[in-house]
Amino acid sequence: MPPKNNKGGAKAKELSEAKQENDNSRPQTVFERAQAAYDLTRPPYDKEREELGGLHALSTVEKTAYANWFCTGSDELSCLSKKAQKELWKQVNETNRPLRRGQIDQPKPDQWGKDKLGRNIGDYTVPQYEQRIEKQAQLTGLKALGRSFASKRLYASKGLVDSSTGERYILTEEDIQAERERRKEMAALKKDLYGEKMGSYSTDPEWDDIVPIPQMEPEGALAAIAYPEDYAESMSYLRAVMAANEYSPRCLKLTEHIISMNPAHYTVWLYRFANIQHLDIPLLDEIEWLNGVALDFLKNYQIWHHRQLLVEHYYPTISGSPDEVKRFAKSERAFVMEMFAEDAKNYHVWSYRQFLTRKLGMWENEEHGELDSIEGMIDEDVRNNSAWSHRFFLVFSNPRYATPESHATEPDAGVPADVVDREVAYAQAKIQLAPQNQSPWNYLRGVLVKGGRELGSVKGFVEQYVQNLGEAEKEEVHSSHALEQLADIYEEAGDKEKADLCWKRLGEKWDRIRFGYWEWKRRSMKTAAASS
Amino acid sequence: MELQKARHVQYFQRCYTTVLPSVYTSMDSNRLLLGYFTLAGLELLSSPSSASASANEGSAPTSPQSLVPAADRQRLGDWVLAQQHRNGGFCGSPGHVQPDTVRRGWNEAVSYPAVNDTENVSLPGTYFALLTLGLLANEDADSVGTAFRGVNRIGTLRWIKRLQRPDGSFGEVVNADGSISGGRDMRYCYMAATIRWVLRGNEVGKELDINVDGMVQHIRKSQAYDGGFAESHMGESQAGYAYCAVAALSLLDLTAADADNPNRYLQAGIPNTAAMVRWLVSRQIVYTESDESDSDEEKEEEEDGKDDTPAVPTSEMATLNVTGTVLGGFNGRPNKVADTCYAWWVAGALHVLSDALPEAASLDKVSGREFLLQKTQNAYGGFGKDAGSPPDLFHSYLGLAALATMAGDETEKGLGQFDVRLCLGKEAASRVDRARQFWAPASESDTTDA
């Protein structure tokens, strides 16, 4: 039969020529081997005809042989009369050329397909190809074992009995582990052979019963993210178990996995909490786990919301025992301090600390109170505004005397005078350490307002930082905040000229970047004076 | 130093056309936010008003082609709407959307949908989705008029109402059992107020509207002893919360349309306005680096080695009376370092607050602008958090927002005019406003049609 594909034939010729140069005509590639096998199944003049490009190139004898070969192989042979057949065979005999014929189709160079890298498998060397076949066989074997695992699992779940042994089917942990290993092997083989990726969930038999819900999104969506390998798959399993309201240890593990990649996932935390509750996980264990996560993701908010929920649920179980509350307060504070070692101004952590103070009653006068700790933090960094703010909360929200819900900016008659005195003295002592530190200056103002006292009540203290104002060379200002407060003290007392001078000097020299503001203060006072 | 407009255009276009790197995975639950910043940035860099300033360069003042291609807008709008929950409100990300096939079905026992995933609806998601839809409208009346078609207005308003706590604050999500999750965060007040304004929640009757007075009282309680605003009562003041507080109040005033006192809520919600102004202007600090010179990087490194914190502003007196050009950064809290986004939060808060004041106190805008342009503007486009930080979408957009806000009516060359209350370019904000007509009472829309 003439070749169907001339191109293929030509290529085969090239290949066979190349081969001859290398090795004494031993086929190198898969295609060459197939071609060689094919050649063994046909007479040499057919190969020759193909290589030379047509019948015309053959000798007369070979032309006749070819015609004979062609005719004897075709179905038309039976159409000939007995006599004609006999004549044909006679001629064949006289020509004395082989007539062999096999059942192999002529190989095509691309009939093996391509591998994952787009390489033509026909160009593989024979050992390479054999390796590939072996892997495919392995995969087939593994799949068969996987099917029997699935059957066994099904039978076990239905409580069926193995008729050959008379025992019930039982799926053991070893079976599952073996399947897990098997899937890993299969995933590796699939990736190797076909470039197919199998995620860690689709290869885990524990998740076989879940049909993942993939993320539905059109092409060209906004703000698409190059997700890390496992992220998209784990999210699709999360959607599925959340939709099914499943609460189980595997779901708990799934939430941990997702949190490790996207801690700001707002529903995974809520879902994790629901799992904790359904599985009755000890809250302290969860808090312990959370510590590590918090230290890994310092800026995350959800972690602290979760912690707050845990404490809300844990507290009622210990509220009857003051000792336990104390112990818990101390361990929580210890962790909060660990967080502050990383970032002493972390807003979420301070916010949580306030919650904790309220919840566990860690006020200044309690044995497990916060005051010592906060003083320690201010001593460590007198400019830590968060610590100052927490102190203000601690002192002025203390339920022992503070009016509930009293605003931070309004006087509270409930606060005892000695507490106000103490706080004024505290702020002043810290100002002396660093006069140009606005945190204690702000604190001092806040304390005076809370105590219902005039700014002027600390005039003497403030004045030490400002000398000879407006007197050219002799003017000395050690703190712009003092100068500002002095202006407010003068304004409060109705001494507008002096207040104006303070603002003027602030803008001119002592705090130039706020020149516009100081000028505005000056104008505002004048406008107010004019209109009143 | 000038705004490197071409670089910023490249930066936002990169964010628009390419996949964000995997470090953004931790923001995967807020992709609507990322999308909004991308589009709003492109919009601000190509709005009609962004061209007027560059007209004096000699080139003809043509209205620029929007960098958000008209051909993409419908598709992007559909993408946003695909994140709407069937009960109203939007999920923060496509990853939080449960397909309708899952949501469908009925649980006979509780007479409720079998899958009640209301916790996937998020307040930030809803806020960014609505503004994005308005932003994506084209200027023509048809497009603006239908920008909110497909939005479940009543469902969303009902959800927002459920999100409000008895103390007036808002959470982030409502759980299936009706409980509210999320902090008592001032940002949520701002977002809720914006959503209410967009959906005209004040016009649907009291039983559907949020408790406005409760919200104002909650904000009022959150002013801190130093005059700033905290996330909630007795917390530490922080500039972002200051902006959210005043902008929320201002949006409430916008819906109240009280002719006698247009700043009713702004006044009611801030116990001490003078203290707040004082606190805000105090956020500007003289930026110092230990004798660094920009060109001499080796020297800088050497000094970095000696001192762990070379860029920490020393608030000592010496830095305050320096003369000449200074770099005026903004911090978010006292004694913290300067950060790009706080230039926006502070300038924005002060700008909104000035509505309620007879005369606005001004920041040192010259030095504030120089700080951003010289220190946090990235050579390859975008803005980083602080000097030397790589750019990110959040700081890149808010850096532009800060420059546009500080420039005010004079406009920063190459940037459009800015609606400070919505943190959005003026033209886009105007489209959002006009798109709200979709829900206008019949009589009102009749008159606008005529």
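1. In this predicted model, the buried residues of helix 10 of chain B, which spans residues 212–221, are B:Met215, B:Val216, B:His218, B:Ile219, B:Arg220 and B:Lys221. These buried residues of helix 10 of chain B pack against three elements of chain B, namely helix 9 (186–198), helix 11 and helix 12 (264–269).

2. Helix 11 of chain B (residues 239–256) also deserves attention in connection with the largest nonpolar core, which has 198 residues, since helix 11 of chain B contributes 12 residues, the largest share of this core. Within the core, the residues that touch the most other members are B:Cys189, B:Ala192, B:Ala242, B:Ala248 and B:Ala349. A second, separate core has 14 residues, and among them are A:Ala294, A:Ile303, A:Phe340 and A:Leu356.

3. One of the residues just named can be followed further: leaving aside residues up to four places away in sequence, B:Ala192 touches B:Leu123, B:Ile160, B:Leu163, B:Phe170 and B:Ile210.

4. For chain B as a whole, the model has 20 helices and eight strands, and 54% of the 450 residues of chain B count as buried. Among the contacts in chain B with a separation of 6 or more, 68% are between residues 24 or more positions apart.

5. Between the chains, 63 residues of chain A are in contact with 71 residues of chain B. On the side of chain A that touches chain B, two or more residues are given by each of helix 8 (231–243), helix 10 (266–279), helix 14 (347–360), helix 16, helix 18 (438–450), helix 21 (496–510) and helix 22 (515–531) of chain A. Sorted by class, that side of chain A has 32 nonpolar, 22 polar and nine charged residues.

6. Helix 16 of chain A (residues 385–396), listed above for the side that touches chain B, also packs with helix 15 of chain A (residues 371–380), at an angle of about 155° and with the axes 9 Å apart. Because angles over 145 degrees count as roughly antiparallel, helix 15 of chain A is described as roughly antiparallel to helix 16 of chain A. The crossing of helix 15 of chain A past helix 16 of chain A is left-handed.

7. As for the residues involved, helix 15 of chain A makes this contact through A:Leu371, A:Ile374, A:Met377 and A:Ile378, while helix 16 of chain A uses A:Ala387, A:Trp388, A:His390, A:Arg391 and A:Leu394. By class, the residues of the contact between helix 15 and helix 16 of chain A comprise seven nonpolar, one polar and one charged.

Terms used. Residues are numbered from 1 along each chain as its sequence is written. Chains are lettered from A and ligands numbered from 1 in the order in which they are written. This is a predicted model: local features need pLDDT of at least 70, side-chain atom pairs count only at pLDDT 80 or more; totals for chains, interfaces and linings use all residues. Axes are lines fitted to C-alpha atoms, for helices over the stretch in contact, and angles run from 0 to 180 degrees between N-to-C directions. Helices (H or I, at least four residues) and strands (E, at least two) are DSSP runs, numbered from the N terminus. Angles under 35 degrees count as roughly parallel, over 145 as roughly antiparallel, 65 to 115 as roughly perpendicular and the rest as oblique. A crossing is left-handed if the near helix is turned anticlockwise from the far one by less than a right angle, and right-handed if clockwise. Two residues are in contact if their C-beta atoms, placed from the backbone, lie within 7 Å. Ala, Val, Leu, Ile, Met, Phe, Trp, Tyr, Cys and Pro count as nonpolar, Asp, Glu, Lys and Arg as charged, and the others, Gly among them, as polar. A nonpolar core is a set of buried Ala, Val, Leu, Ile, Met, Phe, Trp, Tyr and Cys residues joined through C-beta atoms within 7 Å. A residue is buried if 20 or more other C-beta atoms lie within 10 Å of its own, exposed if 12 or fewer, and partly exposed in between; C-beta atoms are placed from the backbone.
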